[in-house]
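Me: I am new to this structure and would like to go through it slowly, one question at a time. Could you show it before we start?

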Amino acid sequence: MDAITVEHITKKYGDVLALNDVSFTVGKGELFGLIGPDGAGKSTLFRILTTLLLADKGKGTVAGHPIVNEYKEIRKKVGYMPGRFSLYQDLSIEENLSFFATIFGTTVEDNYDLIKDIYVQIEPFKKRLAGKLSGGMKQKLALCCALIHKPEVLFLDEPTTGVDAVSRVEFWDMLKKLKTKGIAILVSTPYMDEATLCDRIALIQNGEILKIDSPQQMISNFEKPLFSINSTETYRLLNYLRVQNFTESVLPFGENLHLITNEPYEASQIEYHLKIAGFSDNTAKTIQPTVEDIFLDISQPVN
Amino acid sequence: MFKIFKAFVKKELYHIIRDKRTLIILFGIPIVQVLLFGYAVSTEFKDASIDVLDYAKDETSIQLIQHIQSSGHFTLNKVLTSEADIESGFKEGNVALVMVIPKDFSSDFYGNNPLTIQLIADGSDPNKANTLVQYTTRLIQSFQKNKLQQIENPFLITVEDRMLYNPQLISAYNFIPGTIAFILLIISAMLTSLAITREKELGTMEILLVSPLPPLLIILGKVTPYALLSFIDAILVLIIGHFVFKVPLLGSLILLLLCCLLYVILALSLGIFISTKAKTQQQAMLTSMMGLMLPTMILSGFIFPFSSMPQVLQVIGSIVVPATYFIEILKAVMLRGVGFQSVVIEIAILLGMTIVLLALALKNFKIRLE
């Protein structure tokens, strides 16, 4: 039995289509990522699955229960961490945790195993008010609170947004460990680099799922020729490449440009062509796509 | 289940204790308001100063002036010599009342001749002027009675009025019950509606909803601490009323406290109801201020006498404003010392309002967002 099933879910806010015919499944013990920019509809989907919103069309199940009729059952079995930090800022770490343990009819001691790895990191500050914690610590506490009742399914809405790079890595390590305990995890993130850490990902934009696959599969299925070009005149080069016949798309990636061509070339061919065109100092190499390359390639142009 | 409830109440108490604003609303406002209403908004008078234009200047007129002064409520400002001086005292604002004693006062008084004493008061404050004139008239009557004891005129009809339960017309007797009703309603309703909307604003309501907590438990858990604290407020105001403003407490204290508790629960239900409609704390605050404060002050008979309102407002006041009944109960139990039977209708109405409001609140409590 799948932990989450979503079938043709559609949700409108007035005239705005927040979700359009979304379908996917998440298995037990699977770490499933929803990858997409802000406003893609990720939070709306989370709220529908956590029974906080009703979808206009479509159906779904969580932990085997239909999301509308058996919402009470679902609320006992899921852990939910909303996108915005939603714990009591005027309660300490300890007080927050024991409150959430109690309302789920359990105690911190009973399920300490599950949160131990995370909790030890914030335990030295357990008397501190949640509102006074750093971003990373807040998220760790929120994760503890969402886990304290041993949920079957965990919903994490952008858990690493606003968290420093080190804490983000730690956070994902924790998720991997949780997965091994059989908890299904649906996680959303706007950071493409986190996508490869998931078992499977769904790329989502403007309320529509563009693609669902494991990140590795997505990368190896990408067949277009992709080059990373480094130049001292990045901006001029970008403008130049945009108007070339062989360019399918070119986008800046940090210091480099990522170029997709419409026909296969050798990297040296590109370098040579650019030298002739007056970009004396450039290097081009064929690269493996990142999830971001794939996302940008299949997403609709933003203009 | 009880453990969960206890944890909820504990959490709520932490919120209250750690938030200065809530504490101020909870304990600062009631005390300040009682003292303000008690001292500042008062229709009684103390040491009203009067001028006397004494045309008679005989023994009896001097006795009359002394009699009026000896009541303790008047101080003599000036003895005037001519009619032209009457207005100057009013204009300077020194004088609240001028008494004019006619010529030949002594002889007319003892000779049973008709005589007129003129009382002139400042009508720009009609309530005060009325009270002063009434009170002075009574003093003059009592003077007449004292002096003419022996030669009582059997054909003279005298009207003797007695203000029962509040013979000195002390305004605190009216204001303390009114203030209790007012404060309890505003504090309880506003604080609960704020506390619940705060959870919505901070997003914690989202987490509470995605938990096995039934809505009733969320509501009860949030409201119980406020019920207790508002009840303490009620006792606080009663104590101030009784010991600072000397409002008597003739009836059963237990009955009084039970009624206070019922009223607090009613106010809290109102607060819950408001919070099911309001999305933000600001909305909740405005609704409780505008929707509750004004009607309670104006339509409950607390400040403006019920009988002087237009019929429509009387109906609204008596149907919708719970404070109307609570003030009735408070006055009946505190001042008249009556028992349960005499206020059973009011209690039943309050109880009915509570049940309806609670049912509405529970029905409107959203189990999902939006």
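What follows is a set of questions and answers on this predicted model.

Me: How many residues of chain B are in contact with chain A?
Reply: The model is predicted, and the totals for its interfaces use all residues. On the other side of this interface, chain A contributes 32 residues. The residues of chain B that are in contact with them number 26.

Me: Which three residues supply more of the area that chain B buries against chain A than any other three?
Reply: Chain B and chain A bury about 2,700 Å² between them, and 63% of that area is on carbon and sulfur atoms. Within the part that chain B buries against chain A, a share of 26% comes from three residues. These are B:I207, B:V210 and B:R368.

Me: Which residue of chain B meets A:R47 in a salt bridge?
Reply: Side chains of opposite charge can pair when their charged atoms come close. Across the interface of chain B and chain A, the rule finds 2 salt bridges. In the one that involves A:R47, the distance from N to O is 3.0 Å, and the partner is B:E206.

Me: Which element gives the most residues to the side of chain B that touches chain A?
Reply: The interface also holds 12 residue pairs in polar contact, with both residues at pLDDT 80 or more. On the side of chain B that touches chain A, the elements that give two or more residues are α1 (2–18), α7 (172–202) and α8 (204–209) of chain B. The residues of that side divide into 4 polar, 9 charged and 13 nonpolar. The element that gives the most, with 8 residues, is α1(B).

Me: How far apart do the C-alpha centres of domain 1 and domain 2 of chain B lie?
Reply: The domain assignment of chain B places residues 2–41 + 166–369 in domain 1, while residues 48–147 make up domain 2. Taken between their C-alpha centres, the separation of these two domains of chain B is 47 Å.

Me: What percentage of residues 216–243 of chain B is helix?
Reply: The unreviewed UniProt entry lists several spans of chain B as "transmembrane region", including 216–243 and 312–330. In the model, residues 312–330 of chain B are 95% helix and 0% strand, with end C-alpha atoms 25 Å apart. For residues 216–243 of chain B, the end C-alpha atoms are 39 Å apart, strand accounts for 0%, and the helix content is 100%.

Me: How far apart are the end C-alpha atoms of residues 4–231 of chain A?
Reply: In an unreviewed entry, UniProt lists this span of chain A as "domain: ABC transporter". Over residues 4–231 of chain A the model has 32% helix and 29% strand, and the end C-alpha atoms are separated by 46 Å.

Me: Where does B:K246 lie?
Reply: The phi angle of B:K246 is near 60°, which is a positive value in a residue other than glycine. As for its place along the chain, B:K246 is in the loop between α9 (215–243) and α10 (253–277) of chain B.

Me: How many residues apart are A:K126 and A:E94?
Reply: Over all chains the structure holds 22 salt bridges, and one of them joins the side chains of A:K126 and A:E94 at 3.9 Å from N to O. This pair links distant parts of the chain, with A:K126 in the loop between α4 (112–122) and α5 (135–147) of chain A and A:E94 in helix α3 (residues 93–103) of chain A. Their separation is 32 residues.

Key. Residues numbered from 1 in each chain as written. Chains lettered and ligands numbered in written order. Predicted model: local features only at pLDDT ≥ 70, side-chain atom pairs only at ≥ 80, totals over all residues. Heavy atoms only, no water. Contact = heavy atoms within 4.5 Å. Buried area = accessible area lost by both parts, 1.4 Å probe. Salt bridge = Lys/Arg side-chain N within 4 Å of Asp/Glu carboxyl O. Polar contact = N/O pair within 3.5 Å; in protein donor to acceptor, adjacent residues only side chain to side chain. Helix = DSSP H or I, 4+ residues; strand = E, 2+ residues; numbered from the N terminus. Nonpolar A, V, L, I, M, F, W, Y, C, P; charged D, E, K, R; others polar. Domains from an automatic or database assignment. UniProt positions renumbered as here; feature names shortened; annotations may be inferred.
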